[in-house]
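Colleague: I have some questions about this protein before I go back to the bench. Can you put the model up?

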Amino acid sequence: MSAAGQTVLYVRLPCWKIYPGGVVYVADYVHKQRPAVHQHILDLAVVEPAERTRALTERLRTLRPDIVAFSWRNMQSFGPHPEDDALDVVLNYDHSPSWRRRLKAARDAVSIISDYVLSRLRNFGYFKLVRKLLPTTRIVVGGTAVSIFARHVVEHCPEDTIVVVGEGEDAMLSIVDGFSAPAGEFFYKDSAGAVSHRCSAESFDLRRLTAVDFAYIDSIFPAFRLYLDDDIGVHTKRGCPFQCHFCLYNQIEGHRQRYREPAEVAKEIEILNKQYGVKRIWFTDAQFCSTRKSTVHVEQVLDAMQARNIEVTWSGYLRLNYLTPALAQKMWATGMGSVDLSFTGSQEMIDALTLGYSLEQQMAAFRMLQENGHSDQKIKLYMPLNAPGETVSTLRMTIDKINELYALFGRDNVLPFLFFIGVQPGTPVERLLIDRGYLKANYNPLTFNPFLLKRLLYNPLPLGRIIGRAYLEAVDSMDRSSEYIGRATMDILERELAEAHVAADADAQVRPLTLVCVPKT
Ligand code: B12
Ligand code: SF4
């Protein structure tokens, strides 16, 4: 089958409204390589739930695409934090002293889990709808959720479906070219229902990812302009060489860091900013700034942005290992809107989680940021509280360091984000918890069992109860107009941990961790 004249319908599957950067990069790349292919993007995230099937049916009937390519972002989205109702529900259910609140939490949990189950079943229903209406159309499924759970996804797909693992540019190109010379990693369910797997040796050369042609994207993606007031995701690199205990980003993107041309990244942002009025960028790299080499690349990207006088604010996941005063100045000068990073205030926990940096160095980097241009930008601390190895004393150290950061940046500017580790497949923390008997070796990471789901949000006793109750007290007592839930929780936790009996009691029960795992830096 030749590519010319083919029609591809991309369907972004429902999730909380967030710019669909992945599918935009894929469609832009296919267009640049095969301009005669007709493409269209339908974004179900911005279609009312009751209207989605109708919207998809209408698009299938009018376009009659040769290929329907679904993009699936979140499948196992249980990583609740204070801006997500699920945290409140879990902590009330497990730790509220009031049985009424526990009962209400149980009812709310049923509705959250029903949504979780239904959203997955509905997505598989959309694939089946395509097969029913267009029996000969090829179905493709890609996206981060699929990259993690491809085997599971392919089992539930109709015949003649390709499930792409990881980056989609070359894989999609080979599919529009007729799939006779496949590229990338994928599972394929053939027309007889047999599943085969292609491993990928090659990885995409990111220098081929030139600035997105947004005029083209605007012409094929009717919902594009609905995102212009939000954060627009821009990719500068892929891959991460670290192996933090809880993280699977490097399974999705690979361990080797690959870079886009800084000038192309800056051009992309300039077009967004000057032609489409975009004011906020999120660098969607696994880590925007991490290794020594990537820090040099970051500097080049920021230089290129400065040279083009781009006026945006930007954010992204940061590590501060190689920060210098000059880079800190450049970050603020180019519009860094917040500092977003994993944080724990004890070296013991940094090592237990194999985060691969020194706390002292991180604190020095914070001082550098403060001294080199910080004004009122937020310092967002994503805290994996109560991870394996946490004790009363490591928690106290974290609280001390947060207090230092309040003093440095101003209390209102520091947002401690309460995160608990969500156990994810193939991560070292998953292996550890299986070894310890916390999880069964054959547990199903995509389970619908509410008790197992709750276990996958790791917050065990005894510290789990102390943290949970501190959070619940904070919710009840704080003034939401002037205080932030994470700060209020950490204050209450500090008070609770100051009580000697809590310390003795909890530390006696917390099993020490003896884990040796070295980050791959
Ligand atoms: C950046 C990021 C964020 C940022 C996004 C900022 C922004 N404005 O865009 C923030 C911090 C806001 C965020 C929030 C959340 N995130 Co997030 N996020 C990421 C991250 C690091 C990168 C995603 C991204 O944009 N990549 C860049 C684009 C270009 O790549 P891509 O979308 O993957 O697309 C490529 C391929 O997937 C593929 N592809 C995509 N679609 C298609 C379609 C076809 C047909 C094909 C062939 C290929 C293909 O090709 C693309 C190009 O190569 C990933 C982890 C990771 N390393 O991938 C997690 C990740 C996607 N997030 C995740 C989660 C759970 C969330 C939250 C639910 C967390 C929470 N509890 O609140 C929220 C939900 C947000 C929402 N509205 O849905 C999970 C999803 C896991 C799962 N199994 O379901 C991931 C995988 C992280 C994890 N925990 O493992 N996130
Ligand atoms: S630095 Fe750690 S947390 Fe960040 S992407 Fe890499 S492995 Fe994941």
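Modeller: What follows goes through ring pairs, a sheet, a hairpin and some backbone details.

Colleague: Where does the model come from?
Modeller: This is a predicted model.

Colleague: Rings to begin with. How many aromatic pairs are there?
Modeller: The count comes to 26 aromatic pairs. One of them is Phe283 with Phe288: the ring centres are 4.2 Å apart and the planes are at 5 degrees, so this pair is stacked.

Colleague: Are Phe283 and Phe288 buried or exposed?
Modeller: Phe283 is buried, at 0% relative accessibility. Phe288 is buried as well, also at 0%.

Colleague: And how do Tyr438 and Tyr458 pair?
Modeller: Tyr438 and Tyr458 are edge-to-face, with 5.0 Å from centre to centre and 70 degrees between the planes. Tyr438 is in the loop between helix 15 (428-435) and helix 16 (450-456), and Tyr458 is in strand 17 (residues 457-458), so the pair ties together parts that are 20 residues apart in sequence. Tyr438 is buried at 17% relative accessible area, and Tyr458 is buried at 6%.

Colleague: What about Gly437? Buried or exposed?
Modeller: Gly437 is exposed, with 54% relative accessible area. Gly437 lies in the loop between helix 15 and helix 16. Its C-alpha is 32 Å from that of Gln287, which is 150 residues away along the chain.

Colleague: Which residues do ring pairs link into a cluster?
Modeller: The cluster consists of Tyr19, Phe214, Phe221, Phe224, Tyr227 and Tyr276. The charged end of Lys17 sits over the ring of Tyr227, 5.1 Å from the ring centre. Elsewhere, Arg319 lies over the face of Phe242, at 3.5 Å from the ring centre.

Colleague: Back to Lys17 for a second. What does Val46 contact?
Modeller: Leaving aside neighbours within four places in sequence, Val46 is in contact with Lys17, Ala223, Leu226 and Tyr227. Val46 and Leu226 are 180 residues apart in sequence, yet their C-alpha atoms are 8.5 Å apart in space. Val46 is in the loop between strand 2 (38-43) and helix 2 (52-63), and counts as partly exposed at 30% relative accessibility.

Colleague: New topic. Where is Asp285, and which side chain does it join in a polar contact?
Modeller: Asp285 is in the loop between strand 11 (280-283) and helix 10 (292-307). A polar contact of 2.8 Å joins its side chain to that of Lys237. Asp285 is buried, at 2% relative accessible area. Not counting residues up to four places away in sequence, Asp285 touches Val234, His235, Thr236, Lys237 and Tyr317.

Colleague: Now the sheet with strand 14. What is the strand order?
Modeller: The order is 13-14-15, in an open sheet of 3 strands with parallel pairing. Strand 13 (338-342) and strand 15 (414-419) are the edge strands, each pairing on one side only. On average, neighbouring strands are turned by 15 degrees against each other, direction ignored.

Colleague: How many bridges between strand 14 and strand 15?
Modeller: Strand 14 (residues 378-384) pairs with strand 15 over 6 bridges, in the parallel sense. Met383 has Leu418 in strand 15 as its bridge partner.

Colleague: Which helix packs on that sheet?
Modeller: Helix 18 (residues 485-498) packs there, touching strand 14 and strand 15. The direction of helix 18 makes about 80 degrees with that of strand 15.

Colleague: And strand 6 and strand 7: parallel or antiparallel?
Modeller: Strand 6 (residues 185-189) and strand 7 (residues 195-198) pair in the antiparallel sense, over 4 bridges. Phe187 stands opposite His197 in strand 7. The two strands form a hairpin with 5 residues between them, and Gly193 in the turn has a positive phi of about 90 degrees.

Colleague: Last topic, backbone oddities. What is the usual case?
Modeller: Most residues other than glycine have a negative phi, and most peptide bonds are trans.

Colleague: Then which peptide bond is cis?
Modeller: The bond from Leu461 to Pro462 is cis, with omega near 0 degrees. Pro462 is in the loop between strand 17 and helix 17 (463-477).

Colleague: What is phi at Asp160 and at Asn309?
Modeller: Asp160 has a positive phi near 55 degrees, and Asn309 has a positive phi near 50 degrees. Asp160 is in the loop between helix 5 (144-155) and strand 5 (161-165) and is buried, at 16% relative accessibility. Asn309 is in the loop between helix 10 and strand 12 (313-316) and is exposed, at 59% relative accessible area.

Methods. Residues numbered from 1 in each chain as written. Chains lettered and ligands numbered in written order. Heavy atoms only, no water. Phe/Tyr/Trp six-rings, centres within 6.5 Å; stacked < 30°, edge-to-face > 60°. Buried < 20%, exposed > 50% of the residue type's maximum accessible area, 1.4 Å probe, protein only. Lys NZ or Arg CZ within 6 Å of the ring centre and 35° of its normal. Polar contact = N/O pair within 3.5 Å; in protein donor to acceptor, adjacent residues only side chain to side chain. Contact = heavy atoms within 4.5 Å. Pairing = 2+ DSSP bridges. Axes fitted to C-alpha atoms, helices over the stretch in contact; angles between N-to-C directions.
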